[in-house]
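Thanks for asking me to look over this structure with you. Here are my notes, set out as numbered points so that you can follow along in the viewer.

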Amino acid sequence: MIITVPFVDLNLQHQPIQAKLQQAIEDVLVKGDFILGQPLSDFETAFAVASGTKYGIGVASGTDAITLGLQACNIGAGDEVILPANTFIATLIGVVSAGAKPILVDCNPKTALIDLEAAAKAITPQTKAIIPVHLYGQMVSPSQLLDFANTYKILIFEDAAQAHLAEREGYRAGSVGIAAAFSFYPSKNLGAFGDGGMVVTNNPDVATKMRRLRNYGSSQKYVHIEPGTNSRLDTLQAAILHQKLPYLSQWNSARLNIGQRYDIELVPLASAGIIPIHNQSGTGHIYHLYVVKIDDSCPIQRQQLQGQLTAAGIQTGIHYPIPCHLQPAFNYLGYQQGNFPQSEQLSQQILSLPIYPGLNNSQITEIVTAIYSILKIK
Ligand SMILES: *Cc1c(COP(=O)(O)O)cnc(C)c1O
């Protein structure tokens, strides 16, 4: 089968800046400061500032950024942490690894983001924090989050793994809560040449503890004041990411343009049951993913639509096909089918269309035309 539109194509962003990337790699090679080198601190500062915060602490992955970030905020054993059932599993893994008790809640079916009314019902005296996941590149409303956290006297720890430089109501993703986790997994809006992640914060105590936790609990060589672990962002990855950072805004704008074009082109399909996830943040949405719902009124099932698009050479994805509470690994939490109906329904209905910088107009036309023709419309 010939793929005419892949789901992601990282070459398109790397090729134009390949010489710069190679130079950055060579510089690290020559200098040899592979662990906690200068290019890491340079990138940590640059990325923290870009995210509207003071401190950045690079770690080995987005998952570690959640685990260690929560621990750095003194969230752990005995604490309950509210998070959405509709998220990538790493959000839940992070909470569990930090030693806290995860409390899942449902999502808003229009935006796919955490439902704060449901979250309010999940508050107990043990609730220590809420993790809003800025899913698909759209932030959870900062004003509503801050109100929520004030009302219940709890912390906000953002999962911004899909939201590098996203904005809403004047806030950047990562700057709303006490701290936030980012991922630099290769296909994220800002991606490394391997795994990577970062915690950003304005809180100096959180930053100091984070630096210890990622480095064997040590603030001074061979003195370990808490267990910690080994989870540092490689100097090499930081150097690569720093070269890519200046392009991030234009890459995000390219994604936004594609998202807006899909929104317009897909309007006539609403009556055929194809409904895009709602953008409530205007130009602040950075479209890590472009997701549509195929609802019950659609003449064709999601699986058939996806199959026929694949046959037409167009790759799509599902983010995510099984909600967190129904994952076998987390059976022990005691959740069941039916607990979070909106998340369950979304997992059955959603389909992610290709979106990335470099996806061109004729490819977008090809995708949209293929959907129309599969639905036998026009
Ligand atoms: C990618 C992702 C993570 C985990 O990041 P890794 O770098 O893959 O560990 C966490 N949360 C969300 C929402 C993600 O999309």
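Which residues come nearest to the ligand? Let us begin there, keeping in mind that this is a predicted model.

1. **The ligand's neighbours.** There are 15 residues around the ligand, and those that come nearest are Gly62, Thr63, Gln162, Ser183 and Lys188. Sorted by class, this shell holds eight polar residues, five nonpolar ones and two charged ones. It is a good place to start if you would like to find your way around the model.

2. **Polar atoms beside the ligand.** Three pairs of atoms are worth displaying. On the backbone side, an N or O atom of Gly62 lies 2.8 Å from an oxygen atom of the ligand. The side chain of Asp159 has an N or O atom 2.8 Å from a nitrogen atom of the ligand. For Lys188, an N or O atom in the side chain is 3.0 Å from an oxygen atom of the ligand. How much of the ligand's area does the protein bury? Taken alone, the ligand exposes 380 Å², and 93% of that is buried by the protein.

3. **The space the ligand takes.** Please look next at the pocket itself. The ligand takes up the space of the largest pocket. Two elements give two or more residues to the shell around the ligand: helix 4 (62–72) and helix 5 (89–97). Of the elements, helix 4 gives the most to that shell, with three residues.

4. **The pocket's lining.** The largest pocket has a volume of about 460 Å³. Its lining is made up of 27 residues, and Phe88, Tyr185, Lys188, His288 and Tyr320 are the ones nearest the pocket's centre. Helix 4 and helix 5 are the elements that give two or more residues to this lining, and helix 4 gives the most, with three. By class, the lining has twelve nonpolar, eleven polar and four charged residues. Lys188 is a handy landmark here, as it is among the residues nearest the pocket's centre and also among those that come nearest to the ligand.

5. **Closed spaces.** How many cavities of 30 Å³ or more are there? The count comes to two. In the largest cavity there is about 50 Å³ of space, lined by Val8, Asp9, Leu10, Gln13, Arg255, Ile355, Tyr356 and Pro357. That lining divides into five nonpolar residues, two charged and one polar. The second largest cavity has a volume of about 40 Å³. Around the second largest cavity you will find Tyr136, Ile277, His285, Tyr287, Leu289, Tyr290 and Val291; six of these lining residues are nonpolar, one is polar and none is charged.

6. **A cis peptide bond.** Do take a moment over the backbone at Tyr320. A cis peptide bond joins His319 and Tyr320, with omega at about 15°. Tyr320 belongs to the loop between helix 11 (302–311) and helix 12 (341–349). Tyr320 has already come up above, as one of the lining residues nearest the centre of the largest pocket.

7. **A positive phi.** One more backbone detail deserves a look. Which sign does phi have at Tyr222, positive or negative? Phi is positive, at about 65°, although Tyr222 is not a glycine. You will find Tyr222 in the loop between strand 10 (218–220) and strand 11 (223–224).

Note on methods
Residues numbered from 1 in each chain as written. Predicted model: local features only at pLDDT ≥ 70, side-chain atom pairs only at ≥ 80, totals over all residues. Heavy atoms only, no water. Near = heavy atom within 4 Å. Polar contact = N/O pair within 3.5 Å; in protein donor to acceptor, adjacent residues only side chain to side chain. Areas by Shrake-Rupley, 256 points an atom, 1.4 Å probe, with all protein chains shown as cover. 1 Å grid on protein atoms, 1.4 Å probe; cavity = no way out; pocket = protein on both sides within 12 Å on 5 of 7 lines; lining within 4 Å. Sits in = over half its atoms within 2 Å of the grid points. Helix = DSSP H or I, 4+ residues; strand = E, 2+ residues; numbered from the N terminus. Nonpolar A, V, L, I, M, F, W, Y, C, P; charged D, E, K, R; others polar. Points joined across faces, edges and corners; volume = space filled by probe spheres on them.
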